[in-house]
Amino acid sequence: MTFSEIIGQEEIKAHLQSALQQKKVSHAYILNGEAESGKMMMAEAFVAALLCEEGGAESCGSCKSCHQMQTHNHPDVKYIAAPPVKQVREDIVGDMQIKPYSSPYKVYIIEHADEMDQSAQNALLKTIEEPPEYGIILLLVSNDQRLLQTIRSRCVTLNIKPLRDEVIKPYLIQKYNIPDYEANVLTSFSQGNLGRAQKLAQSDAFVEARRDVMSLSAKVLNMNDAEALDLAKEYSEKYKAKRKKQAQISMVEDREEEEEEISLPEFLDLLVVWYRDVLLYKASQKTSQIIYSDALHQIRTQAGKLDYESIEWIFKSIEKTKRQIYSNVSGEVALDALLLSIKETY
Ligand SMILES: [Zn+2]
């Protein structure tokens, strides 16, 4: 991974590359951003450049160190995920006392660092306060506020920012050769997260979820209570309330093979996009901004049947359903209530 391969995030790249250029890298960085936002890519681009035998602000891609980085076999780079306190003591604090094998630095990339408990974070603190000259720690987190203040205050925090739609959409069309309407849904759904958009662009699960949203919104027009319950059962079994917890082991190979699946809250997000289209069409009769542009006929029909108040009510109901799912109400129960609530509005 090189900086030039990373789309957007210019500020962070500029910061890190200037630190590399001036040979003033910090001993501890926090890379803060949601899942799939590219924290690992940024970390690896930085480390590759830092350890590259050519020196400079970008890795050369062809020296021994760069090859070792590409194959995740660099002896001076350790990948660790959310380590418990014992592992912090052994694999980071203890291990860092051993000098690097072939580079001027020894780097620890800690994934899900914000999932470390207090004792593990405390164990790490001293190493972050007084690292050996060659020691570098990168903490990859999705919520930096879960790190102890004492840790945060000693690290340079880099916040990964969402990308603009105008950056994501053309990239997806060009890279995956997908039709415009599909790129629209992916772009809107990814909310500035290119990694997520890319993962979804390659996933059958997304195409299917999109189809399910269209079919569900049609069925809800004419269903009885028993059918609503059947649908709730079917979809809550298909879309799980929670995504499977990512493996706590730090196998990079595993990470790449992870199967993308759509969770129930994400499915509901797709449903929100659908009703946003219905609202947009109702308000303007324009089709240029419609995300589900391959389902115009259906959107027109629903826009004709629903009044503004009802659409507003549907948005609120979907939000409420998401909250219920997050607070552990069963997906089936929550979804059933939602379908009945949408049905009432027609
Ligand atoms: Zn190199």
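**Figure 1. Sixteen helices and five strands make up the secondary structure of the chain.** In this predicted model, the chain's secondary structure adds up to 16 helices and five strands. Measure along the principal axes, and the C-alpha atoms fit a box of roughly 70 × 40 × 30 Å. The chain has 346 residues, and 51% of them count as buried. Its accessible surface is about 17,100 Å², with 50% of that belonging to carbon and sulfur atoms. As for charge, the chain carries 41 positive and 52 negative charges, and the mean positions of the two sets sit 3 Å apart.

**Figure 2. The domain assignment splits the chain into domain 1 and domain 2.** Domain 1 covers 3-159, and domain 2 covers 203-345, according to the domain assignment. From the C-alpha centre of domain 1 to that of domain 2 it's 38 Å. To get a feel for how the chain folds back on itself, take the contacts between residues at least 6 apart in sequence: 73% of them join residues at least 24 apart.

**Figure 3. The largest nonpolar core brings together 54 residues.** Here the ones to look for are F267, L271, W274, Y275 and Y292, which touch the most other members of this core. Helix 13, residues 264-284, is the top contributor to the core, with 11 residues. Apart from this core there's another one, made of 30 residues, and I6, V25, V47 and V77 are among them.

**Figure 4. A close look at Y275 and the residues it touches.** Setting aside residues up to four places away in sequence, Y275 touches S217, V220, Q302 and L306, as well as I311, I314, F315 and I318, plus I342 and Y346. Remember that Y275 is also one of the residues touching the most other members of the largest nonpolar core.

**Figure 5. S317 sits in helix 15.** That helix runs over residues 308-326. Is S317 buried or exposed? With a relative accessible area of 8%, S317 is buried, because buried means under 20%. Beyond residues up to four places away in sequence, S317 touches L338 and S341.

**Figure 6. C52 lies in the loop between helix 2 and helix 3.** Helix 2 is 39-51 and helix 3 is 64-70, with C52 in the loop that links them. What does C52 touch, leaving aside its neighbours within four places in sequence? The list is S59, C60, C63, S65 and C66. C52 has a relative accessibility of 5%, so it counts as buried. For a sense of distance, compare C52 with I342: they are 290 residues apart along the chain, and their C-alpha atoms are separated by 58 Å.

**Figure 7. G55 shares the loop between helix 2 and helix 3.** G55 is found in that loop, where C52 also lies. G55 is partly exposed, with a relative accessible area of 26%, whereas C52 counts as buried. Between the C-alpha atoms of G55 and I151 there are 29 Å, with 96 residues separating the pair along the chain.

**Figure 8. Q9 and H112 each have a positive phi without being glycine.** For Q9, phi is about 55°. Q9 has its place in the segment before helix 1, which is 10-21, and it counts as buried at 11% relative accessibility. H112 has a phi near 50°, again a positive value in a residue other than glycine. Where does H112 sit? Look in the loop between strand 3 (106-111) and helix 5 (118-129).

**Figure 9. E237 and G331 are 94 residues apart in sequence, yet 8.2 Å apart in space.** That distance runs from C-alpha to C-alpha. E237 belongs to helix 11, residues 225-238. How does E237 count in terms of exposure? Its relative accessibility is 47%, so E237 counts as partly exposed.

Methods
Residues are numbered from 1 along each chain as its sequence is written. This is a predicted model: local features need pLDDT of at least 70, side-chain atom pairs count only at pLDDT 80 or more; totals for chains, interfaces and linings use all residues. Side-chain values use heavy atoms; hydrogens and water are left out. A nonpolar core is a set of buried Ala, Val, Leu, Ile, Met, Phe, Trp, Tyr and Cys residues joined through side-chain atoms within 4.5 Å. Buried means under 20% relative accessible area, exposed over 50%, partly exposed in between (1.4 Å probe, protein chains only). Helices (H or I, at least four residues) and strands (E, at least two) are DSSP runs, numbered from the N terminus. Contact means heavy atoms within 4.5 Å. Domain bounds come from an automatic or database domain assignment. Accessible areas come from the Shrake-Rupley method with a 1.4 Å probe; for residues, only the protein chains shown count as cover. Lys and Arg count as positive and Asp and Glu as negative; His and the chain ends are not counted. The place of a charge is taken as NZ of Lys, CZ of Arg, CG of Asp or CD of Glu.
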